[in-house]
Amino acid sequence: MADREDIEVSNKQIVLRDYVSGSPKETDMAARSGTIRLKVEDGSSAVVVKNLYLSCDPYMRGRMQKSDGSYVESFTPGSPITGYGVARVLDSGHPKFKKGDLVWGITGWEEYSLIKAPETLFKIENTDVPLSYYTGILGMPGMTAYAGFYEVCSPKKGEYVFISAASGAVGQLVGQFAKFLGCYVVGSAGTKEKVDLLKNKFGFDEAFNYKEEPDLVAALKRYFPDGIDIYFENVGGKMLDAVLINMRLHGRIAVCGMISQYNLNQPEGVHNLFCLITKRVRVEGFLVFDYYHLYPKFLDMILPHIKEGKIVYVEDVVEGLENSPAALVGLFSGRNVGKQVVVVSRE
């Protein structure tokens, strides 16, 4: 009788129907059932994994449209969506991984995935924290916050720090890192619930709802009468324009994302760029991929903080692969509170 692992099993998947223009909708994605063998081919260096948690991230919007020359490939219509996730290895042809290992990295939006380039995966060694954290604080968003703040912003004790989309997967961590350094920290978010979270749970000095501010320049002046040293940029558009006027001399802007622009067919312009000259401001875009070599150093810093309760992390957890399209689309209307995670299997 054939080994159960050597036969094909059904594999529920989420596929992109077609390239997306404007705001993505749940109907741009579809559930389907495929099949997969749970063993790798002889001589292959691939791994087969069972997916446990999937990460919904704003950068995925860019992958839903046809774009040449981007830092990350577009999704293929009719094929499963891919993104960061946490998985358990079921079979491995790669010397770095063995059956039973837990990993995080790029995987498919499906129950099981064949990963042909497993060298991009990170083995999970610390399992005394929630596994879902490897989609967030201990995964790509955590590394993004760490690299963007410490490496790109070059922060100093006591500086004035502003973070947009501050309650999201990255922003909530940047704010806490800044507080560790003794900085004055203000965040913006889009609901009262998120503003309260920033002040009462994440320890921001101040926070405001940008939707209730008719004049963003004046709002920032109110919270930063002496100006902003560091801006951690997650939204772009009108907020960036307002920040430029409020920057201090020799300020730094780390450009992590621009979620306000992702669904626009014609991006908004930025008008106050002359401030970069007069205030001698440094603006630097960055991609987390360039900093993954610092991951062991990051873990050494962050794990004790988590275990000692010195850092908090809020997740918005959705159960079931079939609910992942709604979870992803919700990012762009601010429906999520904290890091958006999809549970595929709790084993």
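Before we start, one definition: a residue is buried when its relative accessible area is under 20%, exposed when it is over 50%, and partly exposed in between. Keep it at hand while you work through this predicted model.

**Exercise 1. Sort three loop residues**

Task: Decide whether Arg 280, Ser 154 and Lys 157 each count as buried, partly exposed or exposed.

Solution:
- Step 1. Begin with Arg 280, which sits in the loop between α7 (274-278) and β13 (282-285). Its relative accessibility is 46%, so Arg 280 counts as partly exposed.
- Step 2. Ser 154 belongs to the loop between α2 and β8. With a relative accessibility of 35%, Ser 154 counts as partly exposed.
- Step 3. Lys 157 is found in the loop between α2 and β8. Because its relative accessibility is 70%, Lys 157 counts as exposed.

**Exercise 2. Look at the backbone angles**

Task: What is the phi of Arg 280, of Ser 154 and of Gly 182?

Solution:
- Step 1. Arg 280 has a phi of about 55 degrees, which is positive even though this residue is not a glycine.
- Step 2. Ser 154, also a residue other than glycine, has a positive phi near 45 degrees.
- Step 3. Gly 182 comes just after α3 and has a positive phi of about 80 degrees.

**Exercise 3. Find the company of Lys 157**

Task: Which residues does Lys 157 touch, if those up to four places away in sequence are not counted?

Solution:
- Step 1. Look around the side chain and backbone of Lys 157: the partners are Leu 181 and Gly 182.
- Step 2. Now try a distance. Tyr 184 is 27 residues from Lys 157 in sequence, and their C-alpha atoms are 9.1 Å apart in space.

**Exercise 4. Explain the setting of helix α3**

Task: Why can helix α3 (residues 171-180) be called largely enclosed by the rest of the structure?

Solution:
- Step 1. Count the buried residues: 8 of the 10 in α3 are buried, so the helix is largely enclosed.
- Step 2. Name them: Gly 171, Gln 172, Leu 173, Val 174, Gly 175, Gln 176, Phe 177 and Ala 178.
- Step 3. Ask what covers them. The cover includes the helices α2 (140-152) and α8 (295-307), together with the strands β8 (160-163), β9 (184-189), β11 (228-233) and β15 (339-343).

**Exercise 5. Explore the nonpolar cores**

Task: Which residues touch the most other members of the largest nonpolar core?

Solution:
- Step 1. The largest core has 82 residues, and the ones touching the most other members are Trp 104, Leu 138, Phe 177 and Ile 302.
- Step 2. Zoom in on Ile 302. Leaving aside neighbours within four places in sequence, Ile 302 is in contact with Ile 137, Leu 138, Phe 177 and Ile 311.
- Step 3. Another core, of 20 residues, lies apart from the largest one; Val 235, Ala 242, Val 243 and Ile 253 are among its members.

**Exercise 6. Step back to the whole protein**

Task: How many helices and strands does the protein have, and what radius of gyration would a compact globule with 347 residues have?

Solution:
- Step 1. There are 9 helices and 15 strands.
- Step 2. A compact globule of 347 residues would have a radius of gyration near 20 Å, and the 21 Å of this protein agrees with that.
- Step 3. The C-alpha trace spans about 75 × 45 × 35 Å along its principal axes.
- Step 4. Buried residues account for 56% of the 347 residues.
- Step 5. Of the contacts between residues at least 6 apart in sequence, 70% join residues at least 24 apart.

Methods:
Residues numbered from 1 in each chain as written. Heavy atoms only, no water. Helix = DSSP H or I, 4+ residues; strand = E, 2+ residues; numbered from the N terminus. Rg over C-alpha atoms; globule rule 2.2 N^0.38 Å. Buried < 20%, exposed > 50% of the residue type's maximum accessible area, 1.4 Å probe, protein only. Contact = heavy atoms within 4.5 Å. Core = buried A, V, L, I, M, F, W, Y, C linked by side-chain atoms within 4.5 Å.
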